[in-house]
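User: Please take a close look at one part of this model, the nonpolar core and the strands and helix around it, and describe how they fit together.

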Amino acid sequence: MTTTALRANAVSAEEHDVPIPYMQRTRDYYLALGFNAYRWAHCVEVPFTPLRTPLARARVALITTAAPYQPGAGEQGPGAPYNAAAKFYQVYSFPTDSEPDLRISHIGYDRLHTSAKDINTYLPLARLREAVAAGRIGALGPRVHGAPTNRSQRVTTETDAPEILRRCQEDGVDAAILVPS
């Protein structure tokens, strides 16, 4: 066992700088709606595959849980209150060379410490383009994919995840980055 002592000049985090209790927040939300307590998926074995291609040569897909803007669905901009009308129920894709209008106005993000004004917090497409230009990753896949988050584990594992995997395989990507919002 290794023990590490704090350095004399170590700076402690601010009192408010604590992990976001999103799991409890989600459980409380489901209970308030009259559902049973939300049961989080837990895999005994991690279902991932090691990267076979060096990242500097890999083609990378971006997957987000942000919602496409829906003009008739009410307020969805930065700081908008939770908006169930803005939910989406189908996997979507758009070209990586476009500038989509995606928003987050759901319950899962930390409204105390973020405002959702910076699209790079939930769609870091510009940062990934910079990583390609700098040679840190080989290329972006041709499409970004959107994953619904308002589903049951069964629908996620039986419908949405296989569809996103199919699209990633169709795009010939080596790795995928999931940015939950």
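Analyst: Contact here means heavy atoms within 4.5 Å. This is a predicted model, in which local features need pLDDT (the predictor's confidence in each residue, from 0 to 100) of at least 70 and side-chain atom pairs count only at pLDDT 80 or more, while totals for chains, interfaces and linings use all residues. Residues are numbered from 1 along each chain as its sequence is written, and side-chain values use heavy atoms, with hydrogens and water left out.

Leaving aside neighbours within four places in sequence, leucine 125 is in contact with Leu62, Phe94, Thr96, Ser98, Asn120, Leu140 and Val144. Leu125 is also among the residues with the most contacts inside the largest nonpolar core, together with Leu62, Phe94, Leu102, Tyr122 and Leu123. That core has 20 residues, a nonpolar core being a set of buried Ala, Val, Leu, Ile, Met, Phe, Trp, Tyr and Cys residues joined through side-chain atoms within 4.5 Å. Two or more residues each come from strand 1 (59-64), strand 3, helix 2 (125-133) and strand 5, and helix 2 gives the most, with three. Helices (H or I, at least four residues) and strands (E, at least two) are DSSP runs, numbered from the N terminus.

Along strand 3 (residues 92-95) the side chains alternate, with Tyr92 and Phe94 on one face and buried (under 20% relative accessible area, 1.4 Å probe, protein chains only), whereas Ser93 and Pro95 point to the other face and are not buried. Strand 3 pairs with strand 5 (residues 139-146) in the antiparallel sense over four bridges, pairing requiring at least two DSSP bridges, and histidine 145 of strand 5 is the bridge partner of serine 93.

Definitions and conventions:
Buried means under 20% relative accessible area, exposed over 50%, partly exposed in between (1.4 Å probe, protein chains only).
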